[in-house]
Amino acid sequence: MKEFERKQLLERVNREGATVGVQIPETIEIQGEMVDLREFVFEIKRRDTIPAGEHERVDQAKRNLRRERLERLQPIEDNEVSYEEGQQLVNAIVGIDRALNALEQLRPEDLEQEAKLQNAADQKRWMNFLKKALGRDGGASKRGGR
């Protein structure tokens with residue numbers, strides 16, 4: 001492959017908005033195993049949130065997709081493939097990126113509860129700080145007063 005062709009392929013992979021209009025691949029081979037990628041992404045995305053029991057499964061899928069993306073990108077970067085093979089790899093990489101984008105947009109199932117817990121923890125830390133600053137925590141409140 002010529003250098004300008006290689007650069008063109010790499011630019012397509014790294015282009016902002018490269019996944020616009022691209023479909024998630026129906027299936028993809030990841031570490032020697034065929035995965036129904038489109039079905040998996042749509043199954044998870046249909047819920048609009050990641051259920052508590054699915055966090056690990058989704059995180060593992062994202063890790064595997066990122067690893068597979070890098071493995072497919074490396075031969076292009078190292079100029080180890082023909083231009084035609086590079087085009088096929090780029091198409092697969094952009095499809096993987098599309099799936100990753102869809103999975104990254106999901107949020108935890110109980111976002112409202114998570115926000116409430118965070119707010120309660122923040123308030124507790126603030127109250128503890130105020131008590132210490134004003135000298136009203138446990139031992140400091142009994143200062144030599146008669």
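The lining of the largest pocket in this predicted model divides by residue character into 6 nonpolar, 2 polar and 3 charged residues. It is made up of Ile30, Gln31, Glu33, Val35, Leu37, Phe40, Glu43, Arg57, Ala61, Asn64 and Leu65, and the space within the largest pocket comes to about 230 Å³. At least two lining residues are supplied by each of strand S2 (33-35), helix H2 (37-46) and helix H3 (55-77), with H3 giving the most, namely 4 residues.

Helix H2, which contributes to this lining, has Leu37, Phe40, Val41 and Ile44 as its buried residues. These residues lie on the same side of H2, because the arc that they cover around the axis is only 95°. Of these buried residues, Leu37 and Phe40 are also listed among the residues that line the largest pocket. The exposed residues Glu39 and Arg46, by contrast, are carried on the face of H2 that is turned away from its buried side.

Aromatic contacts were also examined, and the structure holds 1 aromatic pair. The ring centres of tryptophan 126 and phenylalanine 129 are 5.5 Å apart and the ring planes stand at 25°, so the pair is stacked, given that planes under 30 degrees apart count as stacked. Both tryptophan 126 and phenylalanine 129 belong to helix H5 (residues 111-133), where they are separated by 3 residues, or about one turn of the helix. Phenylalanine 129 has a relative accessible area of 48% and is therefore partly exposed, a value that falls between the limits of under 20% for buried and over 50% for exposed residues.

Notes
Residues numbered from 1 in each chain as written. Predicted model: local features only at pLDDT ≥ 70, side-chain atom pairs only at ≥ 80, totals over all residues. Heavy atoms only, no water. 1 Å grid on protein atoms, 1.4 Å probe; cavity = no way out; pocket = protein on both sides within 12 Å on 5 of 7 lines; lining within 4 Å. Points joined across faces, edges and corners; volume = space filled by probe spheres on them. Nonpolar A, V, L, I, M, F, W, Y, C, P; charged D, E, K, R; others polar. Buried < 20%, exposed > 50% of the residue type's maximum accessible area, 1.4 Å probe, protein only. Arc of directions from axis to C-beta. Phe/Tyr/Trp six-rings, centres within 6.5 Å; stacked < 30°, edge-to-face > 60°.
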